[in-house]
Protein chains: 2
Amino acid sequence: MALRVQKYGGTSVADIECINNVADRVVKAHDQGDKVVVVLSAMAGVTDKLIALAKQASDTPDKRELDVLLATGEQTTASLLAMILKSRGYKAKSFLGFQAGIKTDTFSGKARILDINGDNVMQALDNGHICVIAGFQGADENGAITTLGRGGSDTSAVAIASSLKADVCEIFTDVDGVYTTDPRICSTARKIKTISYEEMLEMAILGAKVLQIRSVEFAKKFNVPVHVRSSFNEEEGTMVINESSDMESVVVSGVTLDMNEARITLKCVPDQPGISAKIFTPLAEAEIMVDMIIQNTRSGGETDITFTVTKDDFERAKEISEKVAEEIDAEDVLTGEEIAKVSVIGLGMKSHSGVAATMFKALASENINIRLISTSEIRISCIILAKYAELAVRTLHCAFNLDKEK
Amino acid sequence: MALRVQKYGGTSVADIECINNVADRVVKAHDQGDKVVVVLSAMAGVTDKLIALAKQASDTPDKRELDVLLATGEQTTASLLAMILKSRGYKAKSFLGFQAGIKTDTFSGKARILDINGDNVMQALDNGHICVIAGFQGADENGAITTLGRGGSDTSAVAIASSLKADVCEIFTDVDGVYTTDPRICSTARKIKTISYEEMLEMAILGAKVLQIRSVEFAKKFNVPVHVRSSFNEEEGTMVINESSDMESVVVSGVTLDMNEARITLKCVPDQPGISAKIFTPLAEAEIMVDMIIQNTRSGGETDITFTVTKDDFERAKEISEKVAEEIDAEDVLTGEEIAKVSVIGLGMKSHSGVAATMFKALASENINIRLISTSEIRISCIILAKYAELAVRTLHCAFNLDKEK
């Protein structure tokens with residue numbers, strides 16, 4: 001008998017028919033003798049509709065109240081699934097975030113889980129209940145409803161799995177696993193059978209939208225085995241687990257593409273100590289995350305500083321940069337180019353050299369110019385012009401033999 | 001400076017424009033220096049939509065889970081109004097039922113308020129907040145979400161007003177007060193300026209849908225002054241208050257019509273002790289409320305027993321009655337006639353005789369046959385054939401001079 005946490009995303013609970021299919025799957029696991037905890041997202045599109053409603057109410061909806069509004073989406077699906085399970089004769093019970101003991105900080109819209117008291121859920125499981133938990137939400141220390149940000153239901157599921165010491169956290173979604181790259185861009189993309197937390201984390205950060213980043217961090221921290229799989233078939237998906245010895249044979253596991261960055265360049269900045277701080281402190285104060293930074297020293301004691309931010313933050317970042325540019329006497333602020341970030345990711349990079357060279361050579365062979373480069377222990381990312389994005393992905397996928405079965 | 005609880009119904013918060021109008025009114029009271037607590041219903045039609053969704057999920061939706069689902073309706077409007085108020089620069093905060101300290105019993109779908117701990121709301125008021133409370137909902141001792149039944153937001157509002165010792169509980173609705181009868185049926189119906197809790201209670205029970213019955217019981221018990229008024233204009237509505245000496249001049253305050261009853265007759269029942277218990281015990285066990293009962297003794301030791309139930313309970317009541325009829329050897333169970341209940345209500349009946357006679361004479365003058373009669377200290381009700389309903393209302397309204405300004 002295993003304890004399984006199953007998370008179903010928005011497309012898997014898009015309407016009553018879909019929720020009935022979820023019930024089929026939940027019941028099957030329960031009938032096998034497993035204890036089942038289900039974590040649900042809102043119906044596909046509902047969160048966007050609620051945000052649109054909030055925007056009608058206010059151009060900048062209050063974040064605390066937006067959380068109260070958005071939390072209704074998961075409340076709806078959780079109660080509906082519990083109803084369906086009960087009407088089929090099963091013991092079932094819905095839990096809102098606060099009822100499932102999910103305590104978060106007070107950072108509305110992007111709250112972090114501080115602690116989970118799983119006693120209520122565990123007690124219901126022990127009484128034979130299937131527990132249906134509204135994902136994406138919790139409550140802060142004052143009892144205010146909070147939400148965990150886009151994709152937060154993944155994090156709810158992993159955190160709950162961790163607190164209940166579940167045997168597995170199954171993430172059911174509309175794709176059947178994690179792929180070597182986006183199959184819509186590259187037809188030879190293959191499903192990855194097992195992937196390490198570290199690799200999955202890099203893939204998630206870089207735009208593979210299968211799992212929310214924080215859910216992978218959580219899984220890594222608490223060593224929760226995560227199974228990413230399709231809610232539309234019975235096939236095995238991708239297991240996200242701790243690094244293991246047999247993984248090392250693969251140098252590069254995947255290629256990712258992120259089209260959601262924008263570039264800002266401050267031209268001819270005086271090359272003096274403290275200048276970088278003057279540029280990036282106001283951005284940090286405005287809670288703008290800067291991704292890549294590059295500095296090109298020019299002759300004459302001047303330098304160009306280029307950095308990237310997400311498109312969401314671009315307008316604010318541009319305004320702030322223009323103000324700073326005036327203060328520090330920079331020549332100009334350049335923006336506007338559509339850029340893309342392609343990355344190769346692989347644990348094997350830790351012990352294999354030559355990955356960067358292969359990457360640069362492959363891109364050069366297609367005359368794709370690299371604008372910025374950044375690396376981590378298991379990742380190399382290049383900023384290129386957006387128009388080359390798909391070509392670059394296919395080129396790299398082939399260059400690292402990802403199209404070939406291992 | 002007064003403490004005002006303002007409750008707005010579904011048509012007053014039907015969309016963002018309506019909620020903005022509510023905000024105008026709330027802000028006006030706040031700017032006058034009043035402390036304002038707002039209690040909201042769900043957007044008009046939303047509760048019905050959610051019920052339809054639940055019925056898709058299950059023919060007989062689990063009541064606990066239905067409450068979780070329905071509670072999203074008020075959660076939505078409360079968060080939206082709080083957003084709008086904050087975007088206008090006011091301090092505002094939404095409270096769900098449990099956050100407002102509304103403790104109920106566990107009777108899902110029809111929960112009763114056991115206690116309100118108004119500390120959180122009072123503290124927010126003292127800090128200058130406008131408090132926006134999701135009506136219709138509370139939480140039981142285990143923290144499960146409960147709802148208070150149709151129109152429950154009225155009860156929320158009155159209960160909150162009572163717990164906060166508010167100066168007035170204003171019920172904003174789509175009519176501008178309580179009328180002597182339904183103006184859609186009788187064009188000479190007039191708005192009543194003040195009405196006693198007792199009369200309002202009878203009016204509410206008998207189908208004047210302005211206020212939920214329990215909210216009036218609550219107001220009466222805790223002596224909360226209730227002001228029923230329109231959310232679409234500034235006119236004074238109807239004050240519902242304690243009985244006062246100057247009310248006694250009016251014998252009859254209003255005429256009500258209830259089309260929601262159905263009649264069941266058990267024909268030729270043996271006239272023996274204990275027979276009534278045999279008929280009505282199984283109905284009570286099935287939680288069916290029986291309204292009027294009449295017994296006509298026939299010759300030969302037999303009797304006909306007729307009673308009325310709401311149309312919702314009719315099918316179940318009929319089944320039970322047919323089973324009982326067999327057991328007690330009754331000749332037949334008769335049903336099917338469409339009936340209506342017309343009533344006249346007035347505190348003055350306590351001290352004036354002749355009201356019943358006037359009523360029966362008026363109905364007789366239009367050849368309307370009375371099938372059943374029931375009375376209370378301040379009410380006389382007659383069951384008639386449904387086809388005469390409107391005629392009866394107009395006839396009685398005129399017979400008691402309700403069309404004339406007092």
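Okay, before anything else: when I say "domain" today, the bounds come from an automatic or database domain assignment. With that in mind, the assignment for chain A gives domain 1 at 3-174 and domain 2 at 244-406. Their C-alpha centres sit 35 Å apart. And keep in mind that this is a predicted model.

Let me stay with chain A for a moment. We've got 11 helices and 20 strands in there. Lay the C-alpha atoms along the principal axes and they fill a box of roughly 80 × 50 × 30 Å. Now, how does the radius of gyration of chain A sit against that of a compact globule? For 406 residues you'd expect something near 22 Å, and chain A comes out at 23 Å, so the two agree. As for burial, 49% of the 406 residues in chain A count as buried. On the contacts in chain A with a separation of 6 or more, 75% are between residues 24 or more positions apart.

Right, on to where the two chains meet. Chain A puts 26 residues into the contact, and chain B also puts in 26 residues. On the chain A side, α1 (16-31), α2 (46-57) and α3 (63-87) each supply at least two residues. Which of the elements gives the most to that side? That's α3(A), with 13 residues. If you sort the chain A side by class, you get 12 nonpolar, 11 polar and three charged residues.

Next, have a look at chain B, where there's a sheet I'd like to walk you through. This one is an open sheet of four strands, in the order β13-β18-β20-β19, with antiparallel pairing. The edges are β13 (254-258) and β19 (372-376) of chain B, each pairing on one side only. From one strand to the next, the twist averages 20 degrees. In the middle of that order, β18 (residues 339-345) and β20 (residues 379-385) of chain B pair antiparallel over seven bridges. One you can pick out on screen: I339(B) has L385(B) in β20(B) as its bridge partner.

Two helices pack on this sheet. Helix α6 (residues 197-205) of chain B touches β13, β18, β19 and β20 of chain B, and its direction makes about 170 degrees with that of β18(B). Helix α10 (residues 355-365) of chain B touches β18 and β20 of chain B, and runs at about 20 degrees to the direction of β20(B).

So why call α6(B) largely enclosed by the rest of the structure? Because eight of its nine residues are buried. Among them are Y197(B), M200(B), L201(B) and M203(B), along with E198(B), E199(B) and E202(B).

Conventions: Residues numbered from 1 in each chain as written. Chains lettered and ligands numbered in written order. Predicted model: local features only at pLDDT ≥ 70, side-chain atom pairs only at ≥ 80, totals over all residues. Contact = placed C-beta atoms within 7 Å. Nonpolar A, V, L, I, M, F, W, Y, C, P; charged D, E, K, R; others polar. Pairing = 2+ DSSP bridges. Axes fitted to C-alpha atoms, helices over the stretch in contact; angles between N-to-C directions. Buried ≥ 20, exposed ≤ 12 C-beta atoms within 10 Å, placed from the backbone. Rg over C-alpha atoms; globule rule 2.2 N^0.38 Å.
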